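I opened the notebook today to look up a few things in a structure. Here is what I had on screen.

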Amino acid sequence: MNKINTKLALKYRFFHPYQQQPTDPACCEFQIRTAIPADLIGVSQIIAESFHSQKGMWGWAFPLLRLGIYEDLRHRMASPLPRHVCLVAFEASSGANNLVGSVEMGVRYSDSWIQAGMGFPYLSNLAVHPKYRRHGVASGLLSSCEKVSREWGFQDLYLHVLENNYQARQLYFKVGYRVHKVESNLNTFLLGRSSQMLLHKHLSADSTSC
């Protein structure tokens with residue numbers, strides 16, 4: 001019964017606005033650590049805000065999307081995968097410990113992207129709270145991923161970005177990512193959707209991130 005009540009209370013929270021008290025980003029010192037279960041609601045909110053609109057005719061679906069993101073994150077964090085991590089950036093200078101960004105990284109295998117049978121670190125769900133963008137949060141998260149990749153014994157990183165997401169592309173190119181492949185499919189032509197670009201960065205032994 002307690003488990004049922006807990007789940008009902010959690011779902012109730014997802015259908016009400018998530019409250020976080022942002023401070024002035026210019027006055028904050030950001031830190032990065034591995035996510036813990038208590039972070040998942042905040043992380044799912046940041047990801048949902050970054051990739052889904054709360055306005056217009058689809059605004060009603062935002063709580064459902066946020067709940068789905070939460071459940072996916074919870075499942076991945078609970079899975080015993082040896083090479084998967086969710087990193088969060090937070091500002092602790094005011095004592096509020098507000099989450100301001102997150103990113104996931106895991107090892108994937110794909111015959112179509114690189115040599116068959118070889119694993120490679122892949123980044124996903126890089127997202128920053130709207131009020132904290134353009135303050136170095138995303139760059140800091142990317143830099144932390146490079147450190148983790150080296151700890152896992154890799155010297156390469158991969159990620160996808162939409163071809164029409166010019167701000168994200170500018171960030172990735174600035175910190176050293178380059179186009180590995182432009183991927184298109186039938187939906188790209190029939191529905192007018194943007195192509196996906198697979199980006200790659202090689203981590204040389206003496207490289208440092210911006």
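My entries below cover the cysteines, one helix and one alanine.

**Before starting.** I kept in mind that this is a predicted model.

**Cysteines.** I began with a simple query: how many disulfides are there? The count comes to 0. I then wanted to see why, so I looked up Cys-86. Its sulfur lies 9.4 Å from the closest cysteine sulfur, in Cys-145, which is too far for a bond, because a disulfide needs the two sulfur atoms within 2.5 Å. Looking from the other side, I found Cys-145 in no disulfide, with the sulfur of Cys-86 as its nearest cysteine sulfur at 9.4 Å. I also asked myself: is Cys-86 buried or exposed? Cys-86 is buried, at 5% relative accessibility. Cys-145 is buried too, at 0%.

**Helix α2.** Next I turned to α2, which runs over residues 40-51 and has 12 residues. From first C-alpha to last I read a reach of 16 Å, close to the 16 Å expected at 1.5 Å a residue. I noted that 9 of the 12 residues are buried, so α2 is largely enclosed by the rest of the structure. Among the buried ones I listed Leu-40, Ile-41, Val-43, Ile-46 and Ile-47, and also Gly-42, Ser-44, Gln-45 and Ala-48.

**Ala-205.** Last, I checked where Ala-205 sits: in the segment after β7 (196-202). I have Ala-205 down as exposed, with a relative accessible area of 75%. I also looked up its C-alpha separation from Gln-155: 8.2 Å, for two residues 50 apart along the chain.

Note on methods
Residues are numbered from 1 along each chain as its sequence is written. This is a predicted model: local features need pLDDT of at least 70, side-chain atom pairs count only at pLDDT 80 or more; totals for chains, interfaces and linings use all residues. Side-chain values use heavy atoms; hydrogens and water are left out. Buried means under 20% relative accessible area, exposed over 50%, partly exposed in between (1.4 Å probe, protein chains only). Helices (H or I, at least four residues) and strands (E, at least two) are DSSP runs, numbered from the N terminus. The expected span of a helix is 1.5 Å times one less than its number of residues.
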